[in-house]
Amino acid sequence: MAMAKYNITAKKEKDAAYRNMVSPALMDLLQAKIHKVIVDERKFLDKDYSIDKLAKDVGTNTRYVSAVISVRLNENYSSYVNKYRIEEAVRILSNEENRRLSIIDVSDMVGFSNRQSFYAWFYRLKGITPRQFKIQTLPPKEKPKPKAKKKKYGKY
């Protein structure tokens, strides 16, 4: 399967001057608030949750949020959020109780808007597709063994 169709290429971040304008103390505070909202409150599962909403929830603007994520975590908002989404997907796909869930169901549960984006991020972070991961992780479901037929013995 060619992974080119999943559009897996690293994007270069622009060097923004405002990143240097956020004080280290403010960076610490915002980083803690961002983590609390995205991870502890599990906002990463909300496909409609945006950097704009995050900035509002932590009481700052999107440039500062972007600066904190870029400088402190060396990634952008999408990669920060999608990393947690993929980890949650791995947890779900690894659970035997979720065997019957489709890949689309899992993608929706962890906050992706479409299957292609889910597959692209999963492959980027795990090196295999979600389907391949599910197949490799969960053992094949055992079919029930047929009951042994009783032998009929004649009278002695």
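How far apart should the ends of helix α6 (residues 115-126) be at 1.5 Å a residue, and what distance separates its end C-alpha atoms? The twelve residues should span 16 Å, and the end C-alpha atoms are 16 Å apart, which agrees. This comparison concerns a predicted model, whose average pLDDT is 87, with 77% of the residues scoring at least 70. Where pLDDT is low, the predicted coordinates should not be read in detail. Among the elements, the lowest mean pLDDT, 93, belongs to helix α7 (residues 130-137), and the highest, 98, to helix α2 (residues 51-58).

**Overall architecture**

The secondary structure consists of seven helices and zero strands, which gives the pattern α-α-α-α-α-α-α along the sequence. Of the 156 residues, 34% count as buried. Among contacts with a separation of 6 or more, 65% are made by residues 24 or more positions apart.

**Helices α4 and α6**

Helix α4 can be examined in the manner already used for α6, and the table sets out the two helices together.

| Helix | Number of residues | Expected span | Distance between end C-alpha atoms |
|---|---|---|---|
| α4 | 18 residues | 26 Å | 26 Å |
| α6 | twelve residues | 16 Å | 16 Å |

The N-terminal end of α4 is capped by Asn76, a side-chain oxygen of which lies 3.2 Å from the backbone nitrogen of Ser78. The buried residues of α4 include Tyr77, Tyr80, Val81, Ile86 and Val90, and also the polar or charged residues Asn82, Arg85 and Glu88. As a group, the buried residues of α4 pack against α1, α2, α3, α5, α6 and α7.

At the start of α6, a side-chain oxygen of Asn114 reaches to within 3.2 Å of the backbone nitrogen of Gln116, while just after the helix Gly127 takes a positive phi of about 80°. Within α6, Phe118, Tyr119, Ala120, Trp121 and Phe122 are buried, and the buried residues of this helix pack against α4, α5 (103-109) and α7.

**Nonpolar cores**

In soluble globular proteins, nonpolar side chains tend to be buried together. Here the largest nonpolar core holds 19 residues, of which Ile34, Ile38, Leu54, Val58, Val65, Tyr77 and Tyr80 touch the most other members. The elements giving two or more residues to this core are α1 (24-40), α2, α3 (62-73) and α4 (77-94), and the largest share, six residues, comes from α1. Val65 illustrates the packing: when its neighbours within four places in sequence are left aside, Val65 is in contact with Ile34, Ile51, Leu54, Ala55, Val58 and Thr60. A second, separate core of 15 residues includes Val90, Phe112, Trp121 and Ile128.

**Aromatic pairs**

A pair of aromatic rings is described by the distance of the centres and the angle of the planes. With centres required to lie within 6.5 Å, the count comes to six aromatic pairs. For Tyr80 and Tyr84, the ring centres are 5.4 Å apart and the planes stand at 85°; since planes over 60 degrees apart count as edge-to-face, the pair is assigned to that class. These two tyrosines are four residues apart in helix α4 and are therefore separated by about one helical turn. Is Tyr80 buried or exposed? With a relative accessible area of 3%, Tyr80 is buried. Elsewhere in the chain, Phe112, Phe118, Tyr119, Phe122 and Phe133 form one aromatic cluster; of these residues, Phe118, Tyr119 and Phe122 are among the buried residues of α6, and Phe112 is included in the second core.

Methods:
Residues numbered from 1 in each chain as written. Heavy atoms only, no water. pLDDT = per-residue confidence, 0-100. Core = buried A, V, L, I, M, F, W, Y, C linked by side-chain atoms within 4.5 Å. Buried < 20%, exposed > 50% of the residue type's maximum accessible area, 1.4 Å probe, protein only. Contact = heavy atoms within 4.5 Å. Expected span 1.5 Å × (residues − 1). Polar contact = N/O pair within 3.5 Å; in protein donor to acceptor, adjacent residues only side chain to side chain. Phe/Tyr/Trp six-rings, centres within 6.5 Å; stacked < 30°, edge-to-face > 60°.
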